[in-house]
Amino acid sequence: MTHATPPSGTHPTARPDRPSPRARLRRWVSRETTGGALLIGAALLALLWANSPWRDAYTALSETVVGPASIGPLPLHLDLSLETWAADGLLAIFFFVVGVELKQEFVAGSLRSPRQAGVPMLAAVGGMAVPAVIFTAVVLLAGDDGALHGWAIPTATDIAFALGVLAVFGRGLPAAIRTFLLTLAVVDDLLAIIVIAVFYTADLRIGFLGLALVAVALFAVLVRARRTRWWLLVPVAVVAWVLVHESGVHATVAGVLLGFTVPALAMHGETESRTHRFEHSLRPFSQGIALPVFAFFAAGVTFVGGGGDVLGQPVVLAIVLGLVLGKLVGVLGVTALVTRFTPLRLAPGIGVRDLLPVGLLGGIGFTVSLLIAELSFPDSTHTDAAKIAVLAASTIAAALAAVALRWDARRARTNDMNLDDLPDDVTDHIGDAKDRLEH
């Protein structure tokens, strides 16, 4: 075997193909730990600003209206506040990535085999049902019937945040735990999307919805072509989003529908699926910009100047109990029932003791819970109370999950594949290899 001679003046160990700073930044932003940190940072910044002497500036920024109300005689209703743009527009990009991930999991991933994914899928259902029951019971006992519309707030799990906590504190644990949590979280997201579409849609306009489905179908044709052209896909996606927005269905549903159209199997001689390619391309923007900006505008609840009254709302206790206790009871309870009375079993490498941290991680609601909180109530009092409860519950669940993960990791177990069998920068090495192959 012959070896190529290094170019003159180049040290044999030099790496002329080292990834560019932009490529390294993209991979850093795509990491689960980075995504969780950016979410927390944006939420803390919003809380500090909203309760500072400059809080009026934060409110003015959130309420700044941008966009056209119409184009000529055609009404568009796109004159939205920055806060609404973050929730309806930027979050649609996040849900597009979620749709792409769901498509990949259903076609070629952990959800491909119902038998393999049965336990975490059913655990996700339990992890949504029990918090909803707890929320309903608390607000009814407190006599706050007007808060019942927020029953779905504590049912969501934030994938990015939960996986970030697992990545940091779950070193030494079997990789099967991450697979279980990921399956539970994606099914949770799918059910949350259905809940938003069905229960939080007002004044449905069938005509616009039909046109939106036509736009989604056109996107599906274009995304399956031999060559995908972004300058065609982006305008069609924007049109689909506008039409869904006009139909009365929450606009983020457009992102999921479009994501489901992306092929999950390699085609036209390609070496990787387009779901992987799209997810790789959009995840940095989703985690680095879309989610933090949404968290920044959604988490700014004011306590000073009379705003502290929100803490006395029954929805605060209902959401905290639902996310922290309800998720844990739902996940553990359904898993115990399913594995005891059905042929379904936990995957090799994960035991009953691992379900405690998984159940607590499921209580990190954050992104989707904040979105549902904004959709649930017409008054600011309930909305602000719900938001601060989501932030408090997610923080409590994350802290308890971190303790449980370290406790679980210190206990002896058999030699299963661990989450830290590969180095922390394994994604960087994989990304470097891909860059070298592409160039």
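**Figure 1. Helix α6 packs against helix α15 in this predicted model.** Start with two helices: α6 covers residues 159-169 and α15 covers residues 380-410. A pair of packed helices is described by the angle between the axes and the distance between them. Here the angle is about 35° and the axes are 9 Å apart. The crossing of α6 past α15 is right-handed. On the α6 side, Val165, Leu166 and Phe169 make the contact, and they meet Ala398, Ala402, Leu405 and Arg406 of α15. Sorted by class, the residues of this contact are 6 nonpolar, no polar and 1 charged.

**Figure 2. Phe161 of helix α6 and its surroundings.** Staying with α6, we now look at Phe161. Is this residue buried or exposed? Phe161 has a relative accessible area of 8%, so it counts as buried. Setting aside residues up to four places away in sequence, Phe161 touches Leu39, Ile40, Ile364 and Phe366. Ala398 makes a helpful landmark here: its C-alpha lies 8.6 Å from that of Phe161, although the two residues are 237 apart in sequence.

**Figure 3. Phe366, a residue with a positive phi in helix α14.** Most residues other than glycine have a negative phi. Phe366 is not a glycine, yet its phi is positive, at about 50°. You will find Phe366 in helix α14, which spans residues 366-376. Its relative accessible area is 4%; the cut-off for buried is under 20%, so Phe366 is buried. Beyond residues up to four places away in sequence, the residues that Phe366 touches are Leu39, Ala43, Asp158, Phe161, Ala295, Val390, Leu391 and Ser394. Leu39 also touches Phe161, so you can use Leu39 to move between this view and the one before, given that contact means heavy atoms within 4.5 Å. From Phe366 to Ala393 is 27 residues along the chain, and their C-alpha atoms are separated by 8.7 Å.

**Figure 4. His268, a residue with a positive phi in a loop.** What is the phi of His268? It is positive, at about 55°, although His268 is not a glycine. This residue sits in the loop between α10 (252-260) and α11 (274-298). With 34% relative accessibility, His268 counts as partly exposed.

**Figure 5. Aromatic pairs, with Phe94 and Phe95 as one example.** How many aromatic pairs does a search of the whole structure find? The search finds 10 aromatic pairs. One of them joins Phe94 and Phe95 in an edge-to-face arrangement, 5.2 Å from centre to centre and with 70° between the planes. Both of these phenylalanines are buried.

**Figure 6. Phe96 and Phe219 link distant parts of the chain.** A pair of aromatic rings is described by the distance of the centres and the angle of the planes. For Phe96 and Phe219, the centres are 6.4 Å apart and the planes stand at 85°, so this pair is edge-to-face. Phe96 belongs to helix α4 (residues 82-108) and Phe219 to helix α8 (residues 206-223), which puts the partners 123 residues apart. Phe96 counts as buried at 9% relative accessibility, and Phe219 is buried too, with a relative accessible area of 3%.

**Figure 7. An aromatic cluster of Trp49, Tyr58, Phe296 and Phe297.** Trp49 and Tyr58 join Phe296 and Phe297 here in one aromatic cluster. When you find Phe296 and Phe297, note that they fall within α11 (274-298).

**Figure 8. Gly359 in helix α13.** This view shows Gly359, placed in helix α13 (residues 355-361). Gly359 counts as buried, at 0% relative accessibility. Leaving aside neighbours within four places in sequence, its contacts are Lys327, Leu328, Val331 and Leu332. For Leu332, the C-alpha atom is 6.7 Å from that of Gly359, and the two residues are 27 apart along the chain.

**Figure 9. The whole chain, for orientation.** The protein chain has 16 helices and 4 strands. Of its 439 residues, 49% are buried. Among contacts between residues at least 6 apart in sequence, 81% join residues at least 24 apart. The chain exposes about 20,600 Å², with carbon and sulfur atoms supplying 67% of that area.

Methods
Residues are numbered from 1 along each chain as its sequence is written. This is a predicted model: local features need pLDDT of at least 70, side-chain atom pairs count only at pLDDT 80 or more; totals for chains, interfaces and linings use all residues. Side-chain values use heavy atoms; hydrogens and water are left out. Rings of Phe, Tyr and Trp (its six-membered ring) pair if their centres lie within 6.5 Å; planes under 30 degrees apart count as stacked, over 60 as edge-to-face and the rest as tilted. Buried means under 20% relative accessible area, exposed over 50%, partly exposed in between (1.4 Å probe, protein chains only). Axes are lines fitted to C-alpha atoms, for helices over the stretch in contact, and angles run from 0 to 180 degrees between N-to-C directions. A crossing is left-handed if the near helix is turned anticlockwise from the far one by less than a right angle, and right-handed if clockwise. Ala, Val, Leu, Ile, Met, Phe, Trp, Tyr, Cys and Pro count as nonpolar, Asp, Glu, Lys and Arg as charged, and the others, Gly among them, as polar. Accessible areas come from the Shrake-Rupley method with a 1.4 Å probe; for residues, only the protein chains shown count as cover.
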